[in-house]
Amino acid sequence: MDSYKTPPPAIDIDNLRAIKILGKGATGTVFLVHNQSGDSFALKVVEKSSAHRHADRRARHEISVLSRLCGGAPPHPFLPHLICSSEDDEFIFWGIPFCPGGDLNVLRYRQNDHVFSATVIRFYLAEIICALQHLHEQGIVYRDLKPENILVQKSGHVTLTDFDLSRDLAPRNRQLFYSDTGEEKKQLKSNTGTRTRFVIGKNGFNCKNKKKVKSARVSPVSRRKPSDDFSANERSNSFVGTEEYVAPEVIRGDGHEFAVDWWALGVLAYEMLYGTTPFRGKNRKETFRKILLAQPEYIGKPDPLTDLIGKLLEKDPKLRLGYRRGAAEIKEHHFFRGLSWELLTDVSRPPYLPSGDEAEADAVIDVKEYFRRMKLPPSPMWSPSRDGCRNDLSLTEF
């Protein structure tokens, strides 16, 4: 326990052996590295450059958030922790745990029809909700939830990554916003013996009763003044995110808070179910128009999952599920009925377990020399599976 109370050790880059590039972007690269003890972890490296005015600040912000997530206690099971960090005249470095299972987007494409079953969706959504709940309790709004930022750990459980777009906000009423209802606590206690069992197949995972489902940048509108219901530190007016996951209030410029993460959760659930996001248009302008005006389309009869998605994709954030009491509200939804939230980490057979060969070395890489010789492509940082279909929005305010 005491080890988490001390600052993470500094990195001696010369004592690290980089063996694989996990992801790269316009300002930085993520390497799989081994230290002198043979331990492996992911090393994020951002180059200091006046050409990337936000890179330095965003890197330092992410390091700060990762440091806070430890909070003097063991790391949250579904969030990363800071292993080490350092900087020199050219670079900022920091280490986080390596997740050999890749991201949720890659995993989805391995499935039949490129979609997940409702049982598997429930498992992953539950862990993501717990991660977001912890962030919100720390006063952090994530603002970048999408499959590419959800990594699969060696254990098969998920973890969020990339906190450079996160923001510190003060909840309206922390006690009301985060307190679980007595009814929910009673339900959790009564369902302690309920466990979800998963069966892993040679092609990934299979679940009993699995149902198959058929399967550019624009300027934001003018900023409005935040409503009188919120003080300055309770909302952000930054225009950030990934276009298909951006909440309506961000596009409208109304100011936004924690509810944007619950909107993104609804988009994520829809994509996991149908293999596409609900409001994707031919270009960014059309996507934004659909986010503001269109309703999500569903296939087949309504069920608890589509009901959950609909309540999360409420365009008015004040009517959105999770607005009043945060994660506690969402946990009460009947899609999660019978789920023992406190036993999620005890699930020893998650839907997918990494095979163990994802960490094979490409070659020994000189990290500093890599930056000097390689011109990085103009794509967002830390996106090993991004195929160019999603576009990140600029960080206009921090």
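No disulfides turn up in this predicted model: the count is 0, with a disulfide taken as a pair of cysteine sulfur atoms within 2.5 Å. Two of the cysteines can still be placed by their cover. Cys 84 is buried, at a relative accessible area of 7%, and Cys 130 counts as buried too, at 12%. Here buried means under 20% relative accessible area, exposed means over 50%, and partly exposed is what falls in between (1.4 Å probe, protein chains only). Cys 84 sits in strand E4, and its C-alpha is 8.9 Å from that of Leu 43, although 41 residues separate Cys 84 and Leu 43 in sequence.

A word on the ground rules. Because the model is predicted, local features need pLDDT of at least 70 and side-chain atom pairs count only at pLDDT 80 or more, while totals for chains, interfaces and linings use all residues. Residues are numbered from 1 along each chain as its sequence is written, and side-chain values use heavy atoms, with hydrogens and water left out.

Taken as a whole, the protein has 11 helices and 11 strands. These are DSSP runs numbered from the N terminus, with helices (H or I) of at least four residues and strands (E) of at least two. Of the 398 residues in the protein, 53% are buried. The exposed surface comes to about 18,400 Å², and carbon and sulfur atoms supply 48% of it; the areas come from the Shrake-Rupley method with a 1.4 Å probe, and for residues only the protein chains shown count as cover.

Strand E3 covers residues 40–47 and holds Lys 44. An unreviewed UniProt entry lists Lys 44 under "binding site"; UniProt positions follow the numbering used here, feature names are shortened, and annotations may be inferred rather than shown by experiment. In the model, Lys 44 counts as buried because its relative accessibility is 1%. Its side chain is not without a partner: Lys 44 makes a polar contact with the side chain of Glu 62, at 2.8 Å. A polar contact is a pair of N or O atoms within 3.5 Å; within protein, one must be able to donate a hydrogen and the other to accept it, and residues adjacent in sequence count only if both atoms are side-chain atoms.

Searching the whole structure gives 16 salt bridges, each one a side-chain nitrogen of Lys or Arg within 4 Å of a carboxyl oxygen of Asp or Glu. One of them joins the side chains of Glu 87 and Lys 48, at 2.5 Å from N to O. Glu 87 belongs to strand E4 (residues 84–87) and Lys 48 to the loop between E3 and helix H1 (55–70), so this pair ties together parts that are 39 residues apart in sequence. Both ends have some exposure: Glu 87 counts as partly exposed at 38% relative accessibility, as does Lys 48 at 27%. The pair also belongs to a network of salt bridges that links Lys 48, Asp 56, Arg 60 and Glu 87.

Two further salt bridges are worth a look. In one, the side chains of Glu 271 and Arg 108 meet at 3.5 Å, N to O, and both residues are buried. In the other, Glu 244 pairs with Arg 280, with 3.9 Å between the closest N and O atoms. This pair links distant parts of the chain, 36 residues apart: Glu 244 is in the loop between strand E10 (241–242) and helix H6 (248–252), and Arg 280 is in the loop between helix H7 (259–274) and helix H8 (284–293). Glu 244 is buried, at 3%, whereas Arg 280 counts as partly exposed at 40% relative accessibility.

Helix H7 itself has 16 residues and runs 23 Å from its first C-alpha to its last, close to the expected 22 Å, where the expected span is 1.5 Å times one less than the number of residues. With 16 of its 16 residues buried, H7 is largely enclosed by the rest of the structure. Just after H7, Gly 275 takes a positive phi of about 85 degrees.

Positive phi values also occur outside glycine. His 114 has a phi near 60 degrees; His 114 lies in the loop between helix H2 (104–109) and helix H3 (118–137) and counts as partly exposed at 34% relative accessibility. Arg 143 has a phi near 70 degrees and lies in the loop between strand E6 (140–141) and strand E7 (150–152). Arg 143 counts as buried, at 7% relative accessibility.
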